Amino acid sequence: MINRNKSKKILLLYVLIVIAFLVFLSVMLLTVLKSRHTPSLYAIDSSKASRGSIISADGFHLATTKKLYKAIVDTRYIDPDKRELFVELFSIYSGIKPQKIKKRLAKKKGIVVLSYNVEEIQAHYLKKLASELRRFRVFKAIKNPKSGLLSVHGLSIIESGESREYPYGNLLTPIIGYPHKLENNGFTYVRGVKGLEKRWDNELSAQQDGYSRGKRDVNGYIILNKDSFTKAKINGLDIKLTIPISFQIKIERMLDAMKIELRAKEVMIAIMNSKNGNVLAMASSNRYFPKNIKRSDYPSLNSDMIEYSFEPGSVLKPITFSLLLEHKLVNPYDLVNGHNGRYRIGRKVITDEHRFDWLSAENVIVYSSNIGMAQLAQRLSGYQFNEGLKAFGFAQKSTPDLIYEKIGSIPSAKRLENEIYKATCSYGYGIRVNLMQLMRAYSVFNNNGKIVYPRIVHSFINQQGEEKKLEPLEQIQVLKSATAQRVKKILIKTVNKGTGRKAITAGLIIGGKTGTAHIVEKGRYVSKYNTAFIGFADDKKTNYTIGVVVIQPKKSQYAAQTAVPVFKKAVEIMIGDGYLKPNIVK
């Protein structure tokens, strides 16, 4: 009996041992088969590349990119007893009022975006705050229903996009242009819409985001070795301009004042080195703030220096006259009948503001005689006139550095065989141009007969600071040097004795031509005018081509009273800033 009980006990013990062993095996098997949430041996890091900046000739950043971050928190993890502490600290670090934060936290239970526009420096401090909040146990651990593990999700600061900044407000608008926002996978970036932002969008745009992957160390940092993978971040190129803002600001302020004085719709100016085409200033009185464009700004969004085409009036006369000289169809001292201020060609009656009986061919330019120019132009064939206008750059793009240029129009060679069209085109009607085309054309007279392209962009700079200058563009010989020099002398005489006298500046060589033209509305000429003065200002070392256009001035219809004073004020600013040095003999 005793042996039998002993055997039962041994059997029971054996069964328990077997059961325990099977349980152990089952647990071990389950542990092996079940997916375990072990930390990854690898780490991944990524960084977004940035859009390049637009930089002035004197090193100021006119357009820059600012990284944006968003602050996210999961409300379920905030300890109710420390909710007020979280609100107060986040308010201090973010600058958002506590009531606003509370309102956002109360909206829903779960993931809440506290701010979409956290700036880079602010993001840096908020990340430090996130670490401190964990240390003070502001966030509690919650069991994950799927894994059964405890986890804590605190405050997260995530890069969410980029914003385009214009530190100098409306400076250099509309030339600099503006961008618009796009979104890709929750990341906001910008692309150019107008001006330099659009023309050089591909160069400015971020080229490649950074990415790294490799085994991590105990702190979670990637161990860089032969097994790790790294793709370098490549930012967009910076663009350096030929325009210094210290000078541009003064020119813009002057235009603002002259717009009011002349009661004009707009005043524009361009100042360019006649020898290489580098633009020193390109400004309009009508500007806008790229970060805050209003409906009232819409008319100012276009770069009217290239996007506003108009009939130039008498500023075209020197170009017509130079073609006559080039083809040896006129002598500057030929006498031309002024017909006492009234002359008929077919059905067209041409008049002059000042009446002349006879005047020399060059004085047709000096005193701006429409009648004299209409008669001289008849010596050109339609083909010669048309090809000559093309050679001076009309009906073509004036600069490769801007976009959406309105190239205007010139009459065909066949139409220019008609004596009326030939006459009216000779003094700037029936042809449409823009300011920068006129700048190109007049550079011929101040550059020994060669035409230049206006350049606004000087170079590109990569993120290593390496600068690559743009290749100079070919200068085409439009006129013989002797012809260009002769016309230049006539333009100097026009300033000294003719319609441009108000541009005279002691110690400098000043030449140019005034122009006034009626404006067409609904197919008819109306009593509204555009005025212009295109010319040059030279000292012993430097030659500048300067062009001024005043749109619909109400003070006066005459360029001598509107465009010429703007030219003169610009020259005075150039002297003050040392770009021109008068040679005054005491």
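Me: In the hairpin of S13 and S14, which residue in the turn has a positive phi?
Reply: This model is predicted. S13 and S14 form a hairpin, with five residues between them. One residue in that turn has a positive phi of about 85°. That residue is Gly 277.

Me: How many bridges join S13 to S14?
Reply: S14 covers residues 279-284, and the two strands run antiparallel. One pairing to find is that of Ile 271 in S13 with Ala 281 in S14. The number of bridges joining the strands is five.

Me: S13 also pairs with S25; which residue of S25 is the bridge partner of Ile 269?
Reply: S25 spans residues 543-551. S13 and S25 pair in the antiparallel sense over eight bridges. Within S25, Glu 266 has Ile 551 as its bridge partner. For Ile 269, the partner is Val 548.

Me: Is S13 largely enclosed by the rest of the structure, or is it open?
Reply: Look at both faces of the strand. Glu 266, Met 268, Ala 270 and Met 272 on one side are buried. Val 267, Ile 269, Ile 271 and Asn 273 on the other side are buried too. Eight of the eight residues are buried, so S13 is largely enclosed.

Me: Which strands are the edge strands of the five-strand open sheet?
Reply: The order is S14-S13-S25-S24-S23, with antiparallel pairing. From one strand to the next, the twist averages 10°. An edge strand here pairs on one side only. The edge strands are S14 and S23.

Me: Which helix packs on the sheet?
Reply: The helix touches S23, S24 and S25. Its direction makes about 80° with that of S23. It covers residues 481-497. The helix is H15.

Me: Are H2 and H4 roughly parallel or roughly antiparallel?
Reply: H2 is residues 83-94 and H4 is residues 120-135. Their axes come within 9 Å and cross at roughly 160°. Angles over 145 degrees count as roughly antiparallel. That makes H2 and H4 roughly antiparallel.

Me: How many nonpolar residues are in the contact of H2 with H4?
Reply: H2 brings Phe 86, Leu 89, Phe 90, Tyr 93 and Ser 94. H4 brings Gln 122, Tyr 125, Leu 126, Leu 129 and Leu 133. Two of the contact residues are polar and none is charged. The nonpolar count is eight.

Me: Is the crossing of H9 and H11 left-handed or right-handed?
Reply: The axes of H9 (residues 317-326) and H11 (residues 370-377) come within 10 Å. They cross at roughly 35°. For H2 and H4, the crossing is right-handed. For H9 and H11, it is left-handed.

Me: How many charged residues are in the contact of H9 with H11?
Reply: Lys 317, Thr 320, Phe 321 and Leu 324 in H9 meet Asn 370, Met 373, Leu 376 and Ala 377 in H11. By class, five are nonpolar and two are polar. The charged count is one.

Me: Is Phe 460 buried or exposed?
Reply: Phe 460 is found in strand S20, residues 457-461. Among the residues that Phe 460 touches are Trp 200, Leu 237, Ile 239 and Leu 470. Its relative accessible area is 15%, and the cut-off for buried is under 20%. Phe 460 is therefore buried.

Me: How far apart in space are Phe 460 and Ile 55, C-alpha to C-alpha?
Reply: In sequence, Phe 460 and Ile 55 are 405 residues apart. In space, C-alpha to C-alpha, the distance is 9.8 Å.

Technical notes
Residues are numbered from 1 along each chain as its sequence is written. This is a predicted model: local features need pLDDT of at least 70, side-chain atom pairs count only at pLDDT 80 or more; totals for chains, interfaces and linings use all residues. Side-chain values use heavy atoms; hydrogens and water are left out. Buried means under 20% relative accessible area, exposed over 50%, partly exposed in between (1.4 Å probe, protein chains only). Helices (H or I, at least four residues) and strands (E, at least two) are DSSP runs, numbered from the N terminus. Two strands pair if DSSP finds at least two bridges between them. Axes are lines fitted to C-alpha atoms, for helices over the stretch in contact, and angles run from 0 to 180 degrees between N-to-C directions. Angles under 35 degrees count as roughly parallel, over 145 as roughly antiparallel, 65 to 115 as roughly perpendicular and the rest as oblique. A crossing is left-handed if the near helix is turned anticlockwise from the far one by less than a right angle, and right-handed if clockwise. Contact means heavy atoms within 4.5 Å. Ala, Val, Leu, Ile, Met, Phe, Trp, Tyr, Cys and Pro count as nonpolar, Asp, Glu, Lys and Arg as charged, and the others, Gly among them, as polar. Lists of a residue's contacts leave out its neighbours within four places in sequence.
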